[in-house]
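Let's take a look at the salt bridges here, and then at the sheet. The sequence and the model come right below.

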Amino acid sequence: MRGLRAHYSIVLLAVGCSTDFSPKPCSLDGDCGTGLVCELRELQPVCVHAADAPLVIGSSSAISGTNYELGTGMKLGIELALAEQNAKGGVRGRQLVLNFRDDAYDPPIAETAARALADVQIMDGTTPKCPSTTTPEPDGHGNTTPISTTALSRGPNAVLAFLGNVGTPTMVRAAPIALETGTIYFGAYTGAAKILRDTTAGECAKYVFNVRASYAQEAQATTDLFKKKGVPDYKSLISFDQNDTFGDAGYNGLKAAYVVDYGAFPASADPTTPIARFRYARNDDTSVPTQAAAVEAYLTNLLNTNSGVQTVGVMMTDTYGAGATFIQLVRQWQFDGMQTTLDKPNRLKLYFSNVSFVGPNALSSRLVQAGSITIPSANATLPGATSLPLTQDVTVSQVVPNYQSDTSDVVTTYNKLIAANSDTPGFTSLEGYISTRIFIAGLLANKGPFTPDGLITTFESLPDLSLGIGASSGYSATNHQYSNSVWGTSILPNGSFKNQYFWTVGSAIQFYE
């Protein structure tokens, strides 16, 4: 990324360089002369030098802390796309500038970052316009304090939009600030329904533009996979999830998907948690062993109360460190040679499926580094084998195509840019790149002064850009989610990813194996 950092330094130094001239009124960039663009100055559209009109975009994610790889990947993808467009002249001469904040995947820090990026101005005595401002979702810290009891507005130094913010618990404290101030919240790295895909924000939801499929859609694809593998009913499903709004999004999606594939839960099922649920603490991988032990107890009971082989699907709404630790502990228990009467090696068929947010490449790397475990040659998981790679039967439900095998133009271009900058490719940075490409397409389509409200109709008019991310792609006035597709990939022993299935809304899941 050394080349990209140098590029951005040049952009920042160029901002503000111009010669004096008398601006003239305008409506569109085309009304201005060469090197000039139409922008608002003191609320009036006038022609200004393009060098004086950079488009500043805000982003907040973790590049430090336990889950830093999620933020570094997303930031890399965003920077690749911005640098690519700036090299082409930006947006009719306007350079694209990223104002980035590290929030360490921590909600209070994310909230502070959002306030700074929106240059929040407090409107004393004025009622907030967005329901999400006064009735926020829990953030995982138990914090349900209102974002504000008065209206908030954008300050003079506000970013044009938030782009690619990472995380659900961080989103529930950051997105309400963006919406209350009337700032676009675009391409967040989360599939949560709350605020971004439901009615929580009321009319302020118009500022939200999602790119990726939702966690509910990932859960549906995952449940379709489990059914294909032979999971018989809800008692053979397990949710391992993060103890916050992220985990809630995955679990709620799993419950809804079960009803679609299997029918209603029986009256005997727990009405609140009909599917067994085990939760670890965010940013604390040391909380995983206790949950793994609880899962082992649950599986022991399943084997004790049933005969024959038990096929179990584990949906994991997690991050890479917690996920790798959990899989390793459960597999070690399965093949520890204890509880021989249960015949765990032969009677348990376990399938693990992680949601896309896990950080697929980081998960794969950790599982490969953890290696294999010794197993008896007489086992049902890998008949005849004496060792089992910890990647065995581990799936990730991806929301972008497999960059290792896909040949679409957007993936091919991404891989070339990654190679040219000597960076390592990955699913998270590919998502950041694709989201930013779509965002830039909206900027290029906007012909007048750049304002968040002006961009709404521009984004809503964007057609399918033929990026190769599913047939049902695009925005409209009634749809603010660009993609509705999920690519299932299995992790191979060498850490690479094999295409397993393709799922898209309105069609049956397609399996490649």
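## Salt bridges and a parallel sheet

Searching the whole structure turns up 16 salt bridges, counted where a side-chain nitrogen of Lys or Arg lies within 4 Å of a carboxyl oxygen of Asp or Glu. Keep in mind that this is a predicted model, where local features need pLDDT of at least 70, side-chain atom pairs count only at pLDDT 80 or more, and totals for chains, interfaces and linings use all residues. Residues are numbered from 1 along each chain as its sequence is written, and side-chain values use heavy atoms, with hydrogens and water left out.

Here are three of the pairs:

| Acid | Base | Closest N and O atoms |
|---|---|---|
| Asp-29 | Arg-94 | 2.8 Å |
| Asp-248 | Arg-277 | 2.8 Å |
| Asp-336 | Lys-344 | 2.9 Å |

What does the salt bridge between Asp-29 and Arg-94 tie together? Asp-29 sits in the loop between helix H1 (2-14) and strand E1 (36-41), and Arg-94 in the loop between H2 and E4, so the pair links parts 65 residues apart in sequence. Helices (H or I, at least four residues) and strands (E, at least two) are DSSP runs, numbered from the N terminus. Both Asp-29 and Arg-94 are buried, where buried means under 20% relative accessible area, exposed over 50%, and partly exposed in between (1.4 Å probe, protein chains only).

Arg-277 belongs to strand E11 (residues 276-280) and Asp-248 to helix H7 (residues 245-262), so this pair ties together parts that are 29 residues apart in sequence. Arg-277 is partly exposed at 22%, and Asp-248 is partly exposed at 29%.

In the third pair, Asp-336 is partly exposed at 34%, whereas Lys-344 is buried at 1%. Back with Asp-29 and Arg-94, salt bridges with shared partners join these two, Glu-39 and Arg-92 into one network.

Now for the sheet. Five strands make an open sheet, ordered E4-E3-E7-E8-E9, with parallel pairing; two strands pair if DSSP finds at least two bridges between them. E4 (96-102) and E9 (208-209) are the edge strands, each with a single partner, so one side of each has no neighbour in the sheet. Strands E3 (residues 55-61) and E7 (residues 161-163) run parallel and are joined by two bridges; Ile-57 has Ala-161 in E7 as its bridge partner.

Helix H2 (residues 68-87) packs on the sheet, touching E3, E4 and E7, with contact meaning heavy atoms within 4.5 Å. The direction of H2 makes about 170° with that of E4. Axes are lines fitted to C-alpha atoms, for helices over the stretch in contact, and angles run from 0 to 180 degrees between N-to-C directions. Helix H3 (residues 107-117) also packs on the sheet and touches E3, E4 and E7, at about 150° to the direction of E4.
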